[in-house]
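Trainee: I am new to this structure. Please take me through the whole briefly and then look closely at one part, the way its strands pair.

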Amino acid sequence: MTEQLSLSQARLLALAGQGLTKSTKPTSVLDTIDTMGVLQIDSVNVFERAHYMPLYSRLGAYDKSELDNLHGGKHPALLEYWAHEASFIRTEDYPLFNFRMEYNQRGSRSRWETWAKENREFLEWIKNEIRTRGPLASSDFEHERAARKGSWWGWSDVKHALEYMFMYGELVSGGREGFNRLYALPEQVLSAKIRNKIEDPIEARKKLLLRAAKSHGVGTAADLADYYRMTGPLAKKLLHELVEQKKLLITHVEGWKEQAFILPETQIPKEKPLGTTLLSPFDPLVWYRPRTERLWDFHYRIEIYTPEPKRIYGYYSLPILWHGQIAGRIDLKNDRQNQQLLVQSAWHEPNIDPTALAKDLGKHLTQTAKWQGSQGIQLKKKGNLSAALSNVL
């Protein structure tokens, strides 16, 4: 592997690492999650929930039940944990995050620690309910402390207790009902082999950094640390240890101020990237915004928390990946009641031919509407791509 990469080569490596080139395109939901390493979960459902979208971006119109059937029950293939944010991971990877549970128990969340110490009897009551009744959602508990409050993000004491024990590994995810997480005792879900597996905390972090390097293709210390939410200074130290162990190489990317890291066996793809697809705001290709700007010169923010008069691109705009470029963004809404896919706005980036982009995007939106069960597409004429898009829709 060369010690110097052009920006176009770095882009190809990023796409290949994420399964977005012809030779690395995954063939199933599980294959996709193996490629990405982690699948972030988010509650926003204005178009489609975040954990379904990266799979669609890589597989096309897959059956969402394929993902649903992989988590929940005894010995599931996938488990939830705070791997990036709340995310699905391979169940056998759960012990790799023991360091995070141990780190939390050492007081990184002192407010939670104090609360739990004062409420240990209450926590034991919750665990006994789960032991007796099986995996439960927070709404399944009948207790005077189950009422929502104004503090702790509006959580009830029951929800607070469940999340505390989920973070620390006293409870694990037992699947979901709708979008509600079920909480289970580890022995109700995990095999003894996984429950008893001990991972050295430093070696576990190194394994995860190597996985981040594989999924990113090439990345700075900050990029790789962010992938599994590690602290920057420690991650940087471990990355240089991996270089000394010849498990990583240092390289330099055109225009990047920081040095980058790459796996020794990495090869620059020779084939072209996949054509046109939409990306979730929480897709690993774009979730770390500084990297997105470095790679694609694409300044991207979702505007959910921006007051409507101050929004530029829309409530929940999705990046458009087009022949290896992030060529624009589109604000979609799924009007499920009327079975319509609503294009609230559509934008192209500078130096992008709107006619050519609109032609390919129109075909993709037609496929997307069918995948969502929509009978038609309605377009608002907002954004510099909307006129060209209206011509093809």
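Mentor: The surface comes first: the protein exposes about 18,200 Å², and 48% of that area is supplied by carbon and sulfur atoms. Bear in mind throughout that this is a predicted model. Of the 393 residues, 54% are buried. The charges comprise 54 positive and 47 negative ones, and the mean positions of the two sets are 2 Å apart.

In secondary structure, the protein has 16 helices and 14 strands. Its radius of gyration is 22 Å, close to the 21 Å given by the globule rule for 393 residues, so the protein is as compact as a globular protein of that length. The C-alpha trace spans about 65 × 60 × 40 Å along the principal axes. Among contacts with a separation of 6 or more, 63% are between residues 24 or more positions apart.

Now to the strands. Strands of a sheet pair through backbone hydrogen bonds, and the pairing is either parallel or antiparallel. Start with strand E5, residues 172-177, which is mostly covered, with five of its six residues buried. E5 runs antiparallel to strand E6, residues 180-184, and four bridges join the two. One place to find this pairing in the model is Arg 176, whose bridge partner in E6 is Arg 181. Two residues lie between E5 and E6, and the two strands form a hairpin. In the turn of that hairpin, Gly 178 has a positive phi of about 65 degrees.

Elsewhere, four strands form an open sheet with mixed pairing, in the order E1-E8-E9-E7. Strand E1 (4-5) and strand E7 (219-220) stand at the edges of this sheet, each with a single partner strand, so one side of each is left without a neighbour in the sheet. The partner of E7 is strand E9, residues 260-262, and these two pair in the antiparallel sense over two bridges. Gly 219 can serve as a marker here, as its bridge partner in E9 is Phe 261.

For contrast with the strands, look at a residue in a helix. Ser 386 lies in helix H16, residues 386-392. The relative accessible area of Ser 386 is 4%, and the cut-off for buried is under 20%, so Ser 386 counts as buried. Leaving aside residues up to four places away in sequence, Ser 386 touches Ala 346, Leu 379, Lys 380 and Lys 381.

Technical notes:
Residues are numbered from 1 along each chain as its sequence is written. This is a predicted model: local features need pLDDT of at least 70, side-chain atom pairs count only at pLDDT 80 or more; totals for chains, interfaces and linings use all residues. Side-chain values use heavy atoms; hydrogens and water are left out. The radius of gyration is taken over C-alpha atoms; the globule rule is 2.2 Å times the number of residues to the power 0.38. Buried means under 20% relative accessible area, exposed over 50%, partly exposed in between (1.4 Å probe, protein chains only). Contact means heavy atoms within 4.5 Å. Accessible areas come from the Shrake-Rupley method with a 1.4 Å probe; for residues, only the protein chains shown count as cover. Lys and Arg count as positive and Asp and Glu as negative; His and the chain ends are not counted. The place of a charge is taken as NZ of Lys, CZ of Arg, CG of Asp or CD of Glu. Two strands pair if DSSP finds at least two bridges between them.
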